[in-house]
Amino acid sequence: MRWIAAVFAALLVLLLVYAGSAYVSLNGLVKAARAADIDEVMARTDLERTKRSLVDQIVGAYLKRLGEKRPVKPLERMVAHTYGASIADALVGKMLTKENLASLLQDGKVRGVDGVTNLSLEPLKTIELSDLGQVIRRISLVKPVEFAIRLGDAEDASGISLHFNGAGWQLSGIQLPAKVAQTLAATLPVR
């Protein structure tokens, strides 16, 4: 009977360490975003994962736009995921410079995209970490080593993902609202 209590206590401690480390990392990222501390934001970001998440969303919106008028053929889907992803990767590369990423998290303005203005997301600074209940309501577990946080109250609100990579939790994705993803996908060539 003691071993059951010991196992339960150990699991509870592990859960508290897990949740506590995620909270501390999120708190550090929010503080860095509020202060527009570019170096601190970059230290708390897995840039490759973040780029990949945005590219996947833009290519997905592009395929959805193509599929509105007719079915998308498997070959078109393959081309979109290869050629379209390389174009979207260049677009995302402009969006996610050090300065643009820090600005995106601070004020929610999407910068660096030619011909596209007035795109915005909910800024990261809107999260009030002192209200633990609000933070918990916004969190959803994606994987045991990744969770997402919805930044706004709308159903299609933007959000971020944090991923545990061995050294701590890092920003690994930015969830775009559907309209923003569609606007960015519209910058990709149709043919």
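I began with W3, which is exposed at a relative accessible area of 59%. The model is predicted, and I read it as such. I placed W3 in helix α1, residues 2-35.

Next I asked which residues share a nonpolar surface patch with W3. I found M1, I4, V7, L11 and L14 alongside W3. The patch comes to about 730 Å².

I then turned to the strands. I started with β1, residues 139-143, which pairs with β2 in the antiparallel sense over four bridges. A hairpin of two residues joins β1 to β2. I looked up one pair across these strands: I139 stands opposite I149 of β2.

I followed β2, residues 146-150, to its pairing with β3. The sense is antiparallel again, and I noted five bridges. For A148 I wrote down S161 in β3 as the bridge partner.

Is β3 mostly covered or mostly open? I checked residues 159-164: β3 is mostly covered, with five of its six residues buried. I kept a general point beside this entry: in a regular strand, side chains alternate between the two faces of the sheet.

My last stop was β4, residues 169-175. I noted that β4 pairs with β3 in the antiparallel sense over six bridges. F164 has W169 in β4 as its bridge partner. I also looked at the link: β3 and β4 form a hairpin with four residues between them. In that turn I marked G166, which has a positive phi of about 100°.

Terms used. Residues are numbered from 1 along each chain as its sequence is written. This is a predicted model: local features need pLDDT of at least 70, side-chain atom pairs count only at pLDDT 80 or more; totals for chains, interfaces and linings use all residues. Side-chain values use heavy atoms; hydrogens and water are left out. Patches are made of residues with over 30% relative accessible area and no salt bridge: like charges are joined within 9 Å, nonpolar side chains (Val, Leu, Ile, Met, Phe, Trp, Tyr) within 5 Å. Accessible areas come from the Shrake-Rupley method with a 1.4 Å probe; for residues, only the protein chains shown count as cover. A salt bridge is a side-chain nitrogen of Lys or Arg within 4 Å of a carboxyl oxygen of Asp or Glu. Buried means under 20% relative accessible area, exposed over 50%, partly exposed in between (1.4 Å probe, protein chains only). Two strands pair if DSSP finds at least two bridges between them.
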